[in-house]
Amino acid sequence: MNRRNFIALGSVSLPAGLWPLEGRSLARERASANLHIGRPPGEMPYRQVHLDFHTSELIPDVAADFRADEFLQTLQAAQVNSINLFAKCHHGWAYYDTNVAHRHPHLQIDLLEQQIHALRPAGIAVNYYYSLVWDNRSAHAKPEWRARDRAGNGLQSGYWPWMCMNTPYLDQVVLENSEILERFQVDGAWWDILIQPPDGCFCSWCVEDRKKLDLSDSPKDIYRHNKLVALKTEKALFDLLKSKQPNAIGFFNSRLVVGISDELPFYTHLEIESLPTGGWGYWPFEQRVRYCRTLGKEMVGMTGRFHKSWGDFGGFKPQAALDFECLNFLANCAKACIGDQLHPRGKLDPMTYQRIGAAYRKVVRQEEFVKGLRGVADIGVISTAATDPVMTTQTLSPSDQGFTDMLVELHQQFDVLDLNANLSRYKLVILPDEIRPVPSLVDKVQRYLAMGGSLLVTHKSMLDEGSNAFALEEMGISSTGSSKFKGEYILPQAGYFPSVEQNAYYLYQIGLSITARAGTEILAVYGHPYFDRSPEHWCSHAQTPFAHVTHEPVITRRGKVLYCANPFFRSYALDGELVQKLFMRDLIAMCLAQPARRGGGTAEQGYCRNPVMKQAGSQRGRVDAACNWRELAEGMHFLTVRAFRRQLVGDADCGDAPLENRVFTPDQLEVPGLVSIALVVNQDFSEALEVVRHRLAGLVVDDSGVVEEELKRHLRRFGVFVLQLLAAGSLALS
Ligand SMILES: [Zn+2]
């Protein structure tokens, strides 16, 4: 049997007698098996832990201190009702007795068996974790199976070498997973790191494969080939899972990008890994959850208990941040999962589980209110990744970040869409900045407009760059290329933008020059500078001043089709100019006469999340069951101040019933009971500190030097930092 037909079978039949361990474990396990533990049919547990256990062979006495009863009691006390436990880690070691995998050389007990036997009978669901592409042991034992770049070098992320799933490594993986599923009754499988190199794998199998499939090494063909390898791996493992344990759930991590639809048959549900301090920031979750909720699967949001990211031993996230993240998952229709790492000796850290317990007790109290929630959305936004695919889950284009930021801050209810989306569900569809005019989308948008939908297009969306023509006649404009000056200004026409004061506003990004056909209204026009800044022509520190107003359109309207010639969404992510958000607010208002319920607050206010949900079967119907994170947060006044590279965009926003609808100026920040402040900064430390000084002028901290030093240290290194000032003890409000 060669590898291909081996995989094509979808499951692996092994010779009788290969499972000497079955007699003593699986039979007993099956006897006490309670399928759907912690999970009523169709509903996943709300309070999960992902227990990392990547443990080097250099560490002795692995699991020597593991005590099953203590392990169970710690998790129970923390209200955990589902956990991901390690079968195989990134180091490549197995944590159970095995005939086909490679047991950790210093593992003292059959850890996975003891964990499963302790937890499942007590009602805690167990999914086994298995690392796919990252496997350090296999990389050394079988270097020929490694993923390779064009130059033939083995690929690596940090210290982790990449294996290629298109080599016989996949056979080994299937064999090991088959053994796990024969030995252990589980609730699910959690496969990690299913990625092929975005620039292509050049191992001998992949090179040969692409030749056979008539695929070149172009980015497009590399993307297609990587997709095929991922699908082959998913099918092999998911079919295996379902053949062995039909009720188990299955999920592949590291693949959840916009455009995942074709892989969904191999996923029972979707998990959004997004550790705000671990390189993601707070915003990717907001974008991804609004995409995933359109795909019809249950969702889990995953954060970590770490101060920074995975493997941060001795680094702890503040309680308020953990609470906020878990409750924000619930408010967005997702279950909560908190990542932790078990100490090599096998003992859970008590303080970590006190904090997880405190967060999960809040979750317990909200579960009945969020059951069966689904998102309510007026607006559908096509992600830039729909026509320009990305391969890595942490990548968010500036345009996607910009519309996510802007619409969340404007308290608008929106879904993020790929090319399969049903546009008729939305009152307004937005095509942000760079949505290519692929024929299927053009056709879909035209049918949507014919049905009476509203459309907002910005910058190069729907522009065929070859012919420099817009693919949608309905826009009523023509492109004449790039804007005349690099440093243009925008001026609103009187009567269209009530939120925007009459002025000439600088456009930080370069837009298009357009002409409006007869019957197309011009809502805002370009203002030209004296000249473009250059070594020969320049004035003052930055852009050239505004010289005169023109009749050249920047924003137009034809019927229900709005167009903006500047990349406002990308610019909002990069430049953070408040007025862009105000222009957008007024454009959206032109399309949405009756928006879904929105939370209090104004567009000038900073970060405020008000996802609106509907509860299935609710007698109250419509949006009465609306649930937003502020209501969930139970008195946790969470204030987010957000800084951009150049400028602070928002003012503060405090979520508390008596405080709703109030805009706080910096000197009004002395809010009684203020518990925590989250500060998310893009990069520049000096500007960020200035912002903090400015914003927190009214706050007196016991030891401000400590806070400042901490800020410096963290901002220099990470650019994303959560600062917590605890009202009890360390913070006094003057
Ligand atoms: Zn390869």
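## A sheet of eight strands and its surroundings

Let's begin with the open sheet, where eight strands line up in the order β7-β6-β3-β2-β1-β10-β9-β8 and pair in the parallel sense. Its edges are taken by β7 and β8 (269-273); each has a single partner strand, so one side of each has no neighbour in the sheet. On average, neighbouring strands here are turned by 25 degrees against each other, with direction ignored. Please keep in mind as you look around that this is a predicted model.

As background, strands of a sheet pair through backbone hydrogen bonds, and they may do so either parallel or antiparallel. The table gathers some of the pairings in this structure.

| Strand pair | Sense | Bridges | A bridge in the pair |
|---|---|---|---|
| β3 (residues 125-131) and β6 (residues 188-192) | parallel | five bridges | Tyr128 with Ala189 |
| β6 and β7 (residues 249-252) | parallel | four bridges | Trp190 with Phe251 |
| β8 and β9 (residues 298-304) | parallel | five bridges | His269 with Glu298 |

Strand β6 deserves a closer look. How many of the residues of β6 are buried? Five of its five residues are, so the strand is mostly covered. The cover extends to both faces: Gly188, Trp190 and Asp192 are buried on one side, and Ala189 and Trp191 are buried on the other. Two of these residues have already appeared in the table, since Ala189 is the bridge partner of Tyr128, while Trp190 has Phe251 in β7 as its bridge partner.

Helices also pack on this sheet. One of them is α4 (residues 111-119), which touches β2 (82-88) and β3, its direction making about 160 degrees with that of β2. Another helix, α10 (residues 283-292), lies across β8, β9 and β10 (334-341) and runs at about 170 degrees to β8.

Further along the chain is helix α16 (residues 578-591). Its 14 residues reach 21 Å from the first C-alpha to the last, close to the 20 Å expected at 1.5 Å a residue. Buried residues in α16 include Leu582, Phe583, Met584, Leu587 and Ile588, and also Lys581 and Arg585. What covers the buried residues of α16? The cover includes the helices α13 (398-409) and α15 (568-575), together with the strands β14 (428-431), β15 (454-458) and β24 (561-564).

Some loop residues are worth a visit too. His102 sits in the loop between β2 and α4. This residue is partly exposed, because 17 other C-beta atoms lie within 10 Å. Leaving aside residues up to four places away in sequence, His102 touches Gly92, Trp93, Ala94 and Arg137. Ser138 is 36 residues from His102 in sequence, yet their C-alpha atoms are 9.5 Å apart in space.

Two other loop residues stand out for their backbone angles. Most residues other than glycine have a negative phi. Ala63, however, has a positive phi near 70 degrees, and Asn468 also has a positive value, near 55 degrees. Ala63 is found in the loop between β1 (47-52) and α3 (68-77), whereas Asn468 is placed in the loop between β16 (463-464) and β17 (469-470).

Is each of these two buried or exposed? Ala63 is buried, because 24 other C-beta atoms lie within 10 Å. Asn468 counts as exposed, because it has 12 C-beta neighbours inside 10 Å.

Key. Residues are numbered from 1 along each chain as its sequence is written. This is a predicted model: local features need pLDDT of at least 70, side-chain atom pairs count only at pLDDT 80 or more; totals for chains, interfaces and linings use all residues. A residue is buried if 20 or more other C-beta atoms lie within 10 Å of its own, exposed if 12 or fewer, and partly exposed in between; C-beta atoms are placed from the backbone. Helices (H or I, at least four residues) and strands (E, at least two) are DSSP runs, numbered from the N terminus. Two strands pair if DSSP finds at least two bridges between them. The expected span of a helix is 1.5 Å times one less than its number of residues. Two residues are in contact if their C-beta atoms, placed from the backbone, lie within 7 Å. Axes are lines fitted to C-alpha atoms, for helices over the stretch in contact, and angles run from 0 to 180 degrees between N-to-C directions.
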